[in-house]
Amino acid sequence: MSSAPLDYYGLLGVSRDASQEEIKRAYFEAAQKLHPDKNKAAGDTEIFLGVQQAYEVLSNPKRRAQYDAILSPEEKISLPYEYKFIYSRPSLIRLDEPQMFYVIVELQAPAARQKKSPPLNVALVLDRSTSMQGEKMDVLKATAIQIMRNLRPQDILSVVTFSDRAEVIIPAAYHQERTRLEARIQMIQPSGATEIYQGLEAGVKEVMRSIDSKRINHIILLTDGHTYGDEQQCLALASKLAEKGIGITSMGIGKEWNDIFLDVLSTRTGGSSAYIAEPRDIKNILIEKFDALAQTYADDVVMELTPTEGVELSDVFRLQPEPSPVSLETNRLHLGSILQDTSTRVLFEYMIHPKAVKSEVLAFLDGSLKVSISSQSMPVPLLRFRLKRPVSDSPEADPPPPEIVHALSRLMLYRMQERARKEIEKGNIDTATRQLETLASNLLSQGEKSLAQTILLEVDSLQKKHALSDEGGKKIKYGTRALFLAPPKKELVQ
Amino acid sequence: MIICSNCQHENVTGAVFCAECGAQLDGVQTLVTEAITDEQIEEELRKKAPRPDLDSAPANSWLSLHLMDSGKILPLASRNEFTLGRLSEGQPIMPDIDLTPYQAYASGVSRLHAVVKRDGSQVFVMDLGSSNGTYINGRRLNPHMEEGLNHGDILALGKLKIQILLRNI
């Protein structure tokens, strides 16, 4: 460190106008992470002393004022990640009717940095109910063994199986005697019903044993069935995990699992659900997920929002890396993680009501972004932002930026199938049929032939049985979701 | 509010794609729309449609289909009868002329939509019981009834418009 005064605000990761309460909270968080009793890493003690010094100065209003006086005013807080906002329009329009407005938030690891792959702390929670018997279980065992062989010495893996009760097959620890553990995986016998809460709870216990902000703490749940009666318990547990920064990825195998439930469960923590159509796909999808976890740059990006009157956040969707809806149940949005080489893009959809566009400028998004970077001991400063757009009387004719057009073209397709599924639930078969046919023709015009075919086959089944097949509904949902990752077609971007 | 030019659905201002049909919306301005009948459009098209150069077609073709949206011309020869429709995977139905590349699905062309045939110097069209109908110059044909075709007629399979170009046989 140079002779310039320490950046106390930066050390604590708070903004310059932070309240005493915020400073206190930031200090406790940093102290827990860095305390020399708990933390033996070289250099951390020095940072801890700096944090302590920062707290002593900033928690005392008099000393804080003195410190603020010597602080160079225009110094920008430096963030260990890059961010960008892309708006659908340069300005809002003064209108007597509601209007839509879109923003893409893009977060990225800085180009110049050391690539450090964080150690993992992952629990694999595997369904071993009777229905898993056969190829599903065989592939799953083989994959679990392969994952264990691929682990790096610093990684921690635990394996839990569940049916109507849970069993810890491999407890969370560093693993030396891998051959013996492989035999334990081999011995898993499918039997019993599916009770997800049992498995999830046991998995959480394992992850909690070695929870550490320097690791990627994650739970991967694999199931092929519906759980009955314990959904609310599962969701409550997911909310707790979200607070602790533990993500859940859920994977459904085959056709008889509840995609809506697993989606809610995962998105509460910033994770997502995945669809495994065939048992043989288990291997690739699971190994890909482990690779992605090892590629994490920043874990658990949380955006905290303050609502603005007349501005309604109607939808939030993560476009990449894993396309998924983002849970809007609270004002703390878990946006997922930032990978080393792929930026994270999240689309925000706003419905802006007439009363919000009376003034010249509208600050429609007021919030802060909290990012924790596992490879860094220093707390990351909170990014506060206030996004504003001018309000004009006449609209601009400029088309929206290509990123927005691409994202919305895909979201439109995804929503068509969501709407069709809702209509089916309500019994409006004709409306749903029309919507699915429109979706199919849109897909055809974008060159997505096989997905369009799947939909047309489902339309036939809809006519006959007044329902989609279990399989078809999932294929369409996850198929349209996967389109977010496809490169934009030329004619759309122009 | 933006009215979708494709399906007339009323979208909220600022939307980029139509929520109903998925068409891209052109602007943020509230568009003024004017009702235009199909007859008017066809009248306009007939006036404006360029008479394509028939000499480029093979000498023995007795009928050329001018696909008006794409400007493509399909010359038909060698046989006296052609079925028109679109291929669909997993279906045993194979039309002689597959219109899939010309937005047949989106235009509402049935898999086996219509047949064109020649009888001496006369050319006929017959609807094969299609879902969205076959039209000559905007008049809907009764299914399974032959109708004569004249040079320059606009044949519509659902919404797919084809200009009939006859060669003097």
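Of the 169 residues of chain B, 29% count as buried. Keep in mind that this is a predicted model. Chain B has 2 helices and 13 strands. Now take the contacts in chain B between residues at least 6 apart in sequence: 37% of them join residues at least 24 apart.

Next, where chain B meets chain A. Chain B puts 15 residues into the contact, and chain A puts in 25. What sort of residues does chain B bring to the side that touches chain A? They divide into 9 nonpolar, 5 polar and 1 charged.

Over to chain A, and its sheet. Here 5 strands form an open sheet, in the order β1-β3-β14-β11-β12, with antiparallel pairing. Which strands are at the edges? They are β1, residues 82-87, and β12, residues 324-325, and each pairs on one side only. In general, strands of a sheet pair through backbone hydrogen bonds, either parallel or antiparallel.

Look inside that sheet. Strand β3 of chain A covers residues 99-108, and strand β14 covers residues 344-352. The two pair in the antiparallel sense over 9 bridges. To find the register, start at A:F101: opposite stands A:Y350 in β14(A).

A helix lies across these strands. That is α11 of chain A, residues 402-426. It lies across β1, β3, β11 and β14, and runs at about 110° to β3(A).

There is more strand pairing in chain A. Strand β16, residues 383-392, pairs with β2, residues 92-93, in the parallel sense over 2 bridges. There, A:L92 has A:V391 as its bridge partner. β16(A) also pairs with β15, residues 361-372, this time in the antiparallel sense over 8 bridges. In that pairing, A:G367 is matched with A:F385.

Now the helices that come later in chain A. Start with α12(A). How far should its 17 residues span? At 1.5 Å a residue, 24 Å; the end C-alpha atoms are 24 Å apart, so the two agree. Its buried residues include A:A432, A:Q435, A:L436, A:T438 and A:L439. A:N442, A:L443 and A:L444 are buried too. What covers the buried residues of α12(A)? The cover includes α11 and α13 of chain A, together with α2 of chain B, residues 104-107. So this helix brings us back to the other chain: α2 of chain B is part of what covers the buried residues of α12(A). After α12(A) comes A:G447, with a positive phi near 85°.

On to α13(A), residues 449-465. It has 17 residues, so at 1.5 Å a residue it should span 24 Å; its end C-alpha atoms are 24 Å apart, which agrees. Seven names to find here: A:L451, A:A452, A:I455, A:L456, A:E458, A:V459 and A:L462 are buried. Why do they sit on the same side of α13(A)? Because they cover an arc of only 160° around the axis. They pack against α12, residues 429-445, and α14, residues 470-482, of chain A.

Turn the helix over. Which exposed residues does the face away from the buried side of α13(A) carry? They are A:K449, A:S450, A:D460, A:K464 and A:K465. Just after α13(A), A:H466 takes a positive phi of about 60°.

One link to take away. α13(A) is part of the cover over the buried residues of α12(A), and the buried residues of α13(A) pack against α12 in turn.

Technical notes: Residues are numbered from 1 along each chain as its sequence is written. Chains are lettered from A and ligands numbered from 1 in the order in which they are written. This is a predicted model: local features need pLDDT of at least 70, side-chain atom pairs count only at pLDDT 80 or more; totals for chains, interfaces and linings use all residues. Helices (H or I, at least four residues) and strands (E, at least two) are DSSP runs, numbered from the N terminus. The expected span of a helix is 1.5 Å times one less than its number of residues. A residue is buried if 20 or more other C-beta atoms lie within 10 Å of its own, exposed if 12 or fewer, and partly exposed in between; C-beta atoms are placed from the backbone. The arc is that of the directions from the helix axis to the C-beta atoms. Two residues are in contact if their C-beta atoms, placed from the backbone, lie within 7 Å. Ala, Val, Leu, Ile, Met, Phe, Trp, Tyr, Cys and Pro count as nonpolar, Asp, Glu, Lys and Arg as charged, and the others, Gly among them, as polar. Two strands pair if DSSP finds at least two bridges between them. Axes are lines fitted to C-alpha atoms, for helices over the stretch in contact, and angles run from 0 to 180 degrees between N-to-C directions.
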